[in-house]
Amino acid sequence: MTEEFLSSLSDNALLSLPYLFEFWAMPHQTPPAGDWKTWVIMGGRGAGKTRAGAEWVRSMVEGAGPLDGGVARRVALVGETIDQVREVMVFGDSGILACSPPDRRPEWQATRKRLVWPNGAVAQVFSAHDPDSLRGPQFDAAWVDELAKWKKGEHAWDQLQFALRLGDNPRQVVTTTPQNVPVLKAILANDSTVVTHAPTTANRANLAASFLAEVHSRYAGTQLGRQELEGLLIDGVEGALWKAGAIEAGRIDTAPVLSRIVVAVDPPVSAHKASDTCGIVVVGAITDGPPQNWRAVVLEDASVQGASPETWARAALDAMARHGADRLVAEVNQGGNLVETVIRQIDALVPFRAVHARASKGARAEPVAALYEQGRVAHLRGLTRLEEQMFLMTAQGFSGRGSPDRVDALVWALTELIIHPAEKYRRPQVRTLG
């Protein structure tokens with residue numbers, strides 16, 4: 001079928017086909033319909049963001065013929081540095097020059113840092129390190145690349161908005177791998193912003209299979225992988241007790257030999273309600289030597305949602321069996337004796353400890369977060385849902401929706417394994433004199 005289609009085309013059509021991006025473009029590379037001001041293309045590494053940005057610039061400046069004017073005549077190309085704009089956005093494999101047909105290819109004027117098209121359209125190059133360079137010039141279109149990593153992102157973005165003032169409907173495209181930075185979050189929250197999104201694998205046809213295999217083997221199931229491969233914005237809040245960087249720094253692929261393993265359970269608010277999530281987290285610890293040397297590894301998030309008490313109790317006991325855990329710890333503030341009763345109906349001999357929450361969630365979480373700051377807690381892969389809740393936990397409480405059930409279970413597990421035993425170890429012994 002492909003050969004039949006190609007043979008039906010004239011020589012001129014065949015020569016034009018590689019430059020007809022609308023024919024080849026993936027959905028996330030196509031400009032959305034509607035009256036938007038900013039189009040944000042968020043994607044993983046290699047998802048085709050640069051090509052989409054370059055082709056959008058072409059669509060704005062080119063007319064029907066090589067010398068015909070397009071929608072825009074003055075374009076700003078803004079990247080982190082001048083070198084990055086030149087090497088990626090202009091001369092890159094997916095940059096403007098590589099995407100342009102010979103009769104419409106712009107000329108690069110190095111001394112003036114600009115591209116000039118045969119029809120007179122001009123694209124000027126700017127560095128986000130020098131936001132004030134955007135004072136004075138004015139544009140009717142702009143392409144912004146990797147905004148999320150700009151060190152002066154907010155200042156540079158603000159200056160660009162003042163400069164984007166020509167024409168009837170000045171527009172801009174942002175191509176970026178997402179990072180949790182205020183400037184990007186503010187842009188995404190704007191009513192005049194539209195977003196398209198794609199993971200790295202969306203562009204697999206143009207990527208080396210060995211690259212895909214390597215990065216997925218190394219980063220799948222991690223927060224870094226969700227950001228860099230899936231192109232997802234990993235949200236967080238000001239004052240969060242846990243940071244993504246700290247958890248990534250302690251990521252390990254396999255657990256060491258552990259001294260103890262516990263399964264901690266944070267039951268739903270109502271023991272009879274089957275719509276809430278039951279937090280179930282498995283954690284192991286190495287408790288050789290003095291308490292300051294103890295280390296922990298979070299092994300699994302086995303939480304279940306919409307489960308009856310019997311179902312989540314069985315899930316917790318199954319997690320104990322999978323990991324050879326020596327104790328089940330469960331918060332009993334809400335369910336009271338019913339929590340232990342449900343568990344013992346399934347396994348009457350299970351080593352069980354009931355714990356009561358006397359402090360706030362934030363106060364209970366703070367000493368556990370301190371263990372992470374000390375580099376004493378590592379995570380295996382596949383804990384994404386738990387980690388997402390961790391990034392929304394502050395000393396004042398949980399900033400997300402619902403209850404931080406997974407974080408509560410994590411806190412109980414690490415409190416059982418390290419916090420409380422260490423406190424007992426340090427407690428002075430009282431001697432009775434006869």
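Visitor: Let's start with one residue. Does His-379 count as buried or exposed, and why?

Guide: His-379 counts as buried, because its relative accessibility is 1% and the cut-off for buried is under 20%. Keep in mind that we're looking at a predicted model. As for its place in the fold, His-379 belongs to strand S15, residues 377–379.

Visitor: Which side chain does the side chain of His-379 join in a polar contact?

Guide: That of Tyr-372, at 2.8 Å. If you skip the neighbours within four places in sequence, His-379 also touches Ile-247, Gly-250, Arg-251, Ile-252, Val-298, Glu-387 and Met-390, along with Tyr-372 itself.

Visitor: How do I read the nonpolar part of the interior?

Guide: The general idea is that nonpolar side chains tend to be buried together in soluble globular proteins. Here, the largest nonpolar core holds 37 residues, and Trp-242, Val-283, Val-298, Tyr-372, Met-390, Leu-410 and Leu-414 have the most contacts inside it. Strands S9, S10 and S11 and helices H14, H15 and H16 each put in at least two residues. H16 (405–426) gives the largest share, 10 residues.

Visitor: What does Leu-410 touch, not counting residues up to four places away in sequence?

Guide: Val-281, Val-283, Val-298, Tyr-372, Leu-386 and Met-390. Notice that Val-298, Tyr-372 and Met-390 were also on the contact list of His-379. There's a second, separate core too, with 28 residues, including Ile-261, Cys-278, Trp-312 and Ile-343.

Visitor: How should I describe a pair of packed helices?

Guide: Use the angle between the axes and the distance between them. Take H12 (residues 309–323) and H13 (residues 337–346): their axes come within 9 Å and cross at roughly 65°. The crossing is right-handed. On the H12 side, the contact uses Pro-309, Glu-310, Trp-312, Ala-313, Arg-314 and Leu-317, while H13 brings Val-339, Val-342, Ile-343 and Ile-346. By type, that makes 8 nonpolar residues, 2 charged and no polar ones. Trp-312 and Ile-343 are the residues we just met in the second core.

Visitor: Does Glu-331 count as buried or exposed, and why?

Guide: Glu-331 is buried, because its relative accessible area is 8%. The strand around Glu-331 is S13, residues 327–331. Its side chain makes a polar contact of 2.8 Å with the side chain of Trp-412. Beyond four places in sequence, the contacts of Glu-331 include Val-265, Asp-266, Val-339 and Arg-364. You can also look across to Arg-353, 22 residues away along the chain, where the C-alpha atoms are 8.7 Å apart.

Visitor: And in H16, which backbone oxygen lies 2.6 Å from a polar atom of the side chain of Thr-415?

Guide: The one of Val-411. Thr-415 sits in H16 and counts as buried, because its relative accessibility is 10%. Farther than four places along the sequence, Thr-415 touches Val-368, His-420 and Pro-421.

Visitor: Zooming out, how many helices and strands does the chain have?

Guide: The tally is 16 helices and 17 strands. Of its 434 residues, 48% count as buried. For contacts with a separation of 6 or more, 70% link residues 24 or more positions apart.

How values were computed: Residues are numbered from 1 along each chain as its sequence is written. This is a predicted model: local features need pLDDT of at least 70, side-chain atom pairs count only at pLDDT 80 or more; totals for chains, interfaces and linings use all residues. Side-chain values use heavy atoms; hydrogens and water are left out. Axes are lines fitted to C-alpha atoms, for helices over the stretch in contact, and angles run from 0 to 180 degrees between N-to-C directions. Helices (H or I, at least four residues) and strands (E, at least two) are DSSP runs, numbered from the N terminus. A crossing is left-handed if the near helix is turned anticlockwise from the far one by less than a right angle, and right-handed if clockwise. Contact means heavy atoms within 4.5 Å. Ala, Val, Leu, Ile, Met, Phe, Trp, Tyr, Cys and Pro count as nonpolar, Asp, Glu, Lys and Arg as charged, and the others, Gly among them, as polar. Buried means under 20% relative accessible area, exposed over 50%, partly exposed in between (1.4 Å probe, protein chains only). A polar contact is a pair of N or O atoms within 3.5 Å; within protein, one must be able to donate a hydrogen and the other to accept it, and residues adjacent in sequence count only if both atoms are side-chain atoms. A nonpolar core is a set of buried Ala, Val, Leu, Ile, Met, Phe, Trp, Tyr and Cys residues joined through side-chain atoms within 4.5 Å.
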